[in-house]
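Here are a few short exercises to work through with the model open beside you. Try each one yourself before reading the solution.

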Amino acid sequence: MTRAAGGVQPPVQAAAPLEATELAERLDQLSLILKEGAEQLDRRTAGATERLLRRAGQRLRLSGTHTVVALAGGTGSGKSTLFNALSGLDLSGVGVRRPTTSAPYACVWGPDPATELLDWLEVPTERRILRESELDADSEAALHGLVLLDLPDHDSIEVSHRLEVDRLVDLVDVLVWVLDPQKYADTAVHEFYLKRLKAYSDIMLIALNQADRLDPGQAQSCLADLRRMLTDDGLGSIRTMLTSTRTGIGVPDLRAVLTTAVASRRATARRIRADLSSLAPRLVRTALPDVDLRRVQAQEEEAVAELADLAGVERIAVAATADYRTLGLRRVGWPPVAWRHRRERGVPPLAVSRADVGKVATTVALNATAELVGPWPSRLERRADAVTGSLADGLDGVIHAAVQQPVAKPPWWRIATIVQWLLLGFAVAGVAWAGRAFLAGGRQWPLSMTGLGGLVVTGVALSLGLALAGIFGRSVVKGADRWQAAVEGRLRPEVAIVAGERLFSQLTADLATYNSVQEALNSFAPRAEVEPPTAETPKREAPAADAPGADPVGNGRVAAALPRGETAKLP
Ligand SMILES: Nc1nc2c(ncn2[C@@H]2O[C@H](COP(=O)(O)OP(=O)(O)OP(=O)(O)O)[C@@H](O)[C@H]2O)c(=O)[nH]1
Ligand SMILES: [Mg+2]
């Protein structure tokens, strides 16, 4: 069978690691969508995403060295006969009474029995054959790693057969649809399978079997008719081939295709990529517009002011000021009267109201999500709710620390105290001096000069002390005003830090998650994977089927545009 050059495939050696990385990235994106954005998806898409991830994870873990190929098709199309022809064994029941195959058969090429993989595929143990043990290994070496499955018929009168086919169609790496000239146009295969598997043309191929029942002309028109139907199914690029187990036509070609698929070891990844492509439109449809993360920060100033009010920052600062003033006046005032300035010890620390803090947090969340739809506004609201306790605790901590903060006494208070006590000492000494002179002078009035000197000292000391008390007092009052500003200036940033750590960063992180989910969803939008050839770029020859770069089933390289012909008449 000839194949015309079609789509250009990059060489496998260069592309494989990239493909693997890309696949891993895509699966990571899918995990992120499922973990963080599942609520944004509709139930069916979320379910499909979850199944895909589970399946892909299991398949990739199980075996990277095996390629699972299934022969699927309607009853009597020749799946089991083809299975036997390819394996060279007489394993799978072939019969005249339909349906014949009721559970899958598996033939594994190579020394590794792929037990876990077949367990996962739920192939009954008694229906597994290890090809290596049966025949000479060398002649089959090229197929080492192939796991060929013969499926029951999908159009069975037995419901269990169809369910089994559906289950395995979801799991295998490559699907070979075995059709026959009598039933190739059946609705069952086109409507229920092929049309729904549009995204899988890369990992499927069609064998129009029993070609020996048509003459060559009829076979070509039959194939052309089938290709038209496939194009209508959305599978215009799928590979098709004529086969006959009776004459052997096409069987070596099919074998060569399987050899390529096995050699490239890319079929598993391609199947998963096809799964992703099939899910992609549904994912992309659910993507929402990005949001600006500054939406949260934009509310910071207002919210911090409200939280500072709730924490009573101003009240604390006013109380701290009163404390400063009293303490200062006691220190720098005229000692005999300064004690009258009583200290009212601060304010009793009050816990902030959880409900009020919650309201502020919720308002920030709602404003940040004003234009968001889906689950996100309520999700951020829930987050605001969840962090309210910790936010309120943080504010309580700020209040506690603030009310316990001692007044920072300026050093000059100490000097002023010494000066005031010295002056008081002088005043007392002056009186004592005058008294002594009075007694020494025989209690004569007027006082002697010495006595008068004592009274003058007392007078000067008193006036100076009182004058300084006034000057120092004014200074203390000014200092108290500065102290109020300092306390407020210190507390507001502390409130801002608490709010930043316990509320804003959380909400910003949620919005960042929102953006990553949208980015992940949008990353499933279709994009050009291969640069179109330009006039300067010579078209590369498509690799041969057995070349390392060939894709698993050689699609995009089918003999295209067969002449339109009538449906072949069957003998
Ligand atoms: N003429 C002709 N007959 C074929 C060919 N392949 C299979 N047959 C016959 O078609 C009949 C059905 O073949 P099976 O291989 O059992 O078909 P199947 O697809 O496995 O059928 P189920 O197991 O029922 O799904 C048998 O009698 C085969 O001998 C072929 O290429 N040409
Ligand atoms: Mg069968």
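**Exercise 1.** Find which residues are closest to ligand 1.

*Solution.* Start with the shell: 22 residues surround ligand 1, counting those with a heavy atom within 4 Å of it. The closest are Lys79, Ser80, Thr81, Asp212 and Thr245. Then sort the shell by class: two residues are nonpolar, 14 polar and six charged. In this sorting, Ala, Val, Leu, Ile, Met, Phe, Trp, Tyr, Cys and Pro count as nonpolar, Asp, Glu, Lys and Arg as charged, and the others, Gly among them, as polar.

A note before you go on: this is a predicted model, in which local features need pLDDT of at least 70 and side-chain atom pairs pLDDT 80 or more, while totals for chains, interfaces and linings use all residues. Residues are numbered from 1 along each chain as its sequence is written, chains are lettered from A and ligands numbered from 1 in the order in which they are written, and side-chain values use heavy atoms, without hydrogens and water.

**Exercise 2.** Work out how far polar atoms of glycine 78 and threonine 245 lie from ligand 1.

*Solution.* First, a polar backbone atom of glycine 78 is 3.0 Å from an oxygen atom of ligand 1. Next, a nitrogen atom of ligand 1 has a polar side-chain atom of threonine 245 at 2.8 Å. Finally, the protein buries 90% of the 650 Å² that ligand 1 exposes when taken alone (Shrake-Rupley method, 1.4 Å probe).

**Exercise 3.** Explain where the largest cavity lies relative to the two domains.

*Solution.* A cavity here is a set of points on a 1 Å grid over the protein atoms alone where a 1.4 Å probe fits but cannot get out; lining residues have an atom within 4 Å of a point. The largest holds about 70 Å³ of space, the volume filled by probe spheres set on the points. Its lining includes Arg55, Trp120 and Asp275. Domain 1 (20–64 + 265–286) and domain 2 (65–264) both contribute to this lining, so the cavity lies between them; the bounds come from an automatic or database domain assignment. By class, the lining has five nonpolar, one polar and six charged residues.

Methods
1 Å grid on protein atoms, 1.4 Å probe; cavity = no way out; pocket = protein on both sides within 12 Å on 5 of 7 lines; lining within 4 Å. Polar contact = N/O pair within 3.5 Å; in protein donor to acceptor, adjacent residues only side chain to side chain.
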